[in-house]
Amino acid sequence: MKLICIGRNYAAHIEELENERPDEPVVFIKPDSAILPKEQDFYIPEFSNDIHYEVEVLVKIKKVGKHIAKQFAHTYYDEIGLGIDFTARDVQAQLKAKGLPWEKAKGFDGSAVVGRWLQKNKYENIDKLGFSLLKNGENVQNGNTSLMLWKIDELIAYVSTYFMLKKGDILFTGTPAGVGKVRPNDYLSGTLEGENMFEITVR
Ligand code: ZN
């Protein structure tokens, strides 16, 4: 399986990193080895001094598909989740400056936190889900899927024109503003519509 990730999908986050607003979604892939095993702590890798948390809404793909039309995209998933796209911001900045791929900054071991899954039919409108990240009990990121530049079904249609989606693939839909650095012993927890989705200790 693969993790398909979207960058720059919230206007306020684009501004905080002083990025350009893209004309199309920014897409990158994390390998399945990036998934942090359940109940395991996150270890800051030795090659970075600036690991950032990015809380993101996740979508689990339930069947194979390619060139999926937007109006059928909703039939490709039943489960919504929340996770973290850990990013080595210092490594990413160097790669970006050279126009090189981001994988070393984004796809390293443990860089993908995948929380628990909830049935999407619990919610009236998945384009109106509030979520947040707490660091040591303090609210550091607040988002709402209504603020996405490209909504979930649009993202599925877009990415499936490039990558065949397979059962079990996970879409990371981008992070809202408020990203920041983690330090050893930080405790991160995420909520989606008020429900606890994951808890992570940084080492
Ligand atoms: Zn991200």
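On the side of helix α2 away from its buried residues, Q94, A97 and K98 are exposed (over 50% relative accessible area, with buried under 20% and partly exposed in between, for a 1.4 Å probe and protein chains only). The model is predicted: local features need pLDDT of at least 70, side-chain atom pairs count only at pLDDT 80 or more, and totals for chains, interfaces and linings use all residues. Residues are numbered from 1 along each chain as its sequence is written, and side-chain values use heavy atoms, with hydrogens and water left out.

**Helix α2**

- Helices (H or I, at least four residues) and strands (E, at least two) are DSSP runs, numbered from the N terminus.
- R89, V91, Q92 and L95 are the buried residues of α2.
- These residues lie on the same side of α2 because they cover an arc of only 155 degrees around the axis, taken from the directions from the helix axis to the C-beta atoms.
- An α-helix has 3.6 residues a turn, so residues three or four places apart point the same way.
- The cover over the buried residues of α2 includes α1 (11–16), β3 (51–53), β6 (87–88) and α3 (103–106), where contact means heavy atoms within 4.5 Å.
- G99, just after α2, has a positive phi of about 70 degrees.

**Cavities**

- The whole structure holds two cavities of 30 Å³ or more; a cavity is a set of points on a 1 Å grid over the protein atoms alone where a 1.4 Å probe fits but cannot get out, and lining residues have an atom within 4 Å of a point.
- The largest cavity has about 110 Å³ of space, a volume being the space filled by probe spheres set on the points.
- Its lining has 17 residues, of which G7, R8, H13, E54 and K106 are the closest to the centre.
- α2 gives the most to this lining, with three residues, and β1 (3–7) also supplies at least two.
- By class, the lining of the largest cavity has four nonpolar (Ala, Val, Leu, Ile, Met, Phe, Trp, Tyr, Cys and Pro), six polar (the others, Gly among them) and seven charged residues (Asp, Glu, Lys and Arg).
- The second largest cavity has a volume of about 40 Å³, and its lining has seven nonpolar, no polar and one charged residues.
- α4 (152–159) and β10 (170–172) each supply at least two residues of that second lining, which includes I156, V159, I170 and L171.

**Hairpin of β8 and β9**

- Strands β8 (residues 130–135) and β9 (residues 138–144) run antiparallel and are joined by six bridges; two strands pair if DSSP finds at least two bridges between them.
- S132 has N142 in β9 as its bridge partner.
- Two residues lie between the strands, and N136 in this hairpin takes a positive phi near 50 degrees.

Conventions
1 Å grid on protein atoms, 1.4 Å probe; cavity = no way out; pocket = protein on both sides within 12 Å on 5 of 7 lines; lining within 4 Å.
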